[in-house]
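Subject: Structure for you to look at

Hi,

Here is the structure I said I would pass on. Have a look at it first, and my notes follow below.

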Amino acid sequence: ILMVWLCRLSRREWWIAMPVSFVLGGAIGNLIDRMRFGLVTDFIDFHIGNWHYATFNVADSFVCVGAVWLIVRLFYESITGKS
């Protein structure tokens, strides 16, 4: 679905194409790891005091950043009517 959406976007809609590409690239990166190694290696691990944040990898970061960027962008467009 994301690939079709990305292909249908015009060059003027790069503010939508970028976050969609981030999500798609991160998902494909995790899929390649899963198919090649049988698992996705997470290597970024945060601890702040006794608090532990989820472990993740670069592909997970791209999925999260892309998803938040896309949600913010679509929310902005729905409020302002601008694209």
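Let me start with Phe-22: this residue is partly exposed, with a relative accessible area of 21%. That puts Phe-22 just on the partly exposed side, because buried means under 20%. Before you lean on any of these numbers, keep in mind that this is a predicted model.

**The aromatic rings**

There are 4 aromatic pairs by the ring-centre rule. In one of them, Trp-15 and Trp-69 sit with ring centres 5.8 Å apart and planes at 75 degrees, so this pair is edge-to-face. The two residues come from distant parts of the chain: Trp-15 belongs to helix H2 (residues 14–37) and Trp-69 to helix H3, with their positions 54 residues apart. Trp-69 also pairs with Phe-22, again edge-to-face, at 5.6 Å centre to centre and with 85 degrees between the planes. This pair links distant parts of the chain too, with Phe-22 in helix H2 and Trp-69 in helix H3, 47 residues apart.

As for accessibility, Trp-15 is partly exposed at 39%, and Trp-69 is partly exposed at 22%. Ring pairs tie Trp-14, Trp-15, Phe-22, Phe-62 and Trp-69 into a cluster.

**Asn-57**

You may also want to look at Asn-57, which lies in the loop between strand S2 (51–52) and helix H3 (58–80). Asn-57 has a relative accessible area of 3%, so it counts as buried. Its side chain makes a polar contact of 3.3 Å with the side chain of Asn-30. The side chain of Asn-57 also reaches the backbone nitrogen of Asp-60, at 2.7 Å. Leaving aside residues up to four places away in sequence, Asn-57 touches Asn-30, plus Val-40, Thr-41, Asp-42, Phe-43 and Ile-44.

**A nonpolar patch on the surface**

Last one: Phe-46, Ile-48, Trp-51 and Tyr-53 make a nonpolar surface patch of about 460 Å². Ile-48 is in strand S1 (residues 47–48), and its relative accessibility of 58% makes it exposed, because the cut-off for that is over 50%.

Cheers

How values were computed: Residues numbered from 1 in each chain as written. Predicted model: local features only at pLDDT ≥ 70, side-chain atom pairs only at ≥ 80, totals over all residues. Heavy atoms only, no water. Helix = DSSP H or I, 4+ residues; strand = E, 2+ residues; numbered from the N terminus. Buried < 20%, exposed > 50% of the residue type's maximum accessible area, 1.4 Å probe, protein only. Polar contact = N/O pair within 3.5 Å; in protein donor to acceptor, adjacent residues only side chain to side chain. Contact = heavy atoms within 4.5 Å. Patch = residues over 30% accessible without salt bridge, like charges linked within 9 Å, V, L, I, M, F, W, Y side chains within 5 Å. Areas by Shrake-Rupley, 256 points an atom, 1.4 Å probe, with all protein chains shown as cover. Salt bridge = Lys/Arg side-chain N within 4 Å of Asp/Glu carboxyl O. Phe/Tyr/Trp six-rings, centres within 6.5 Å; stacked < 30°, edge-to-face > 60°.
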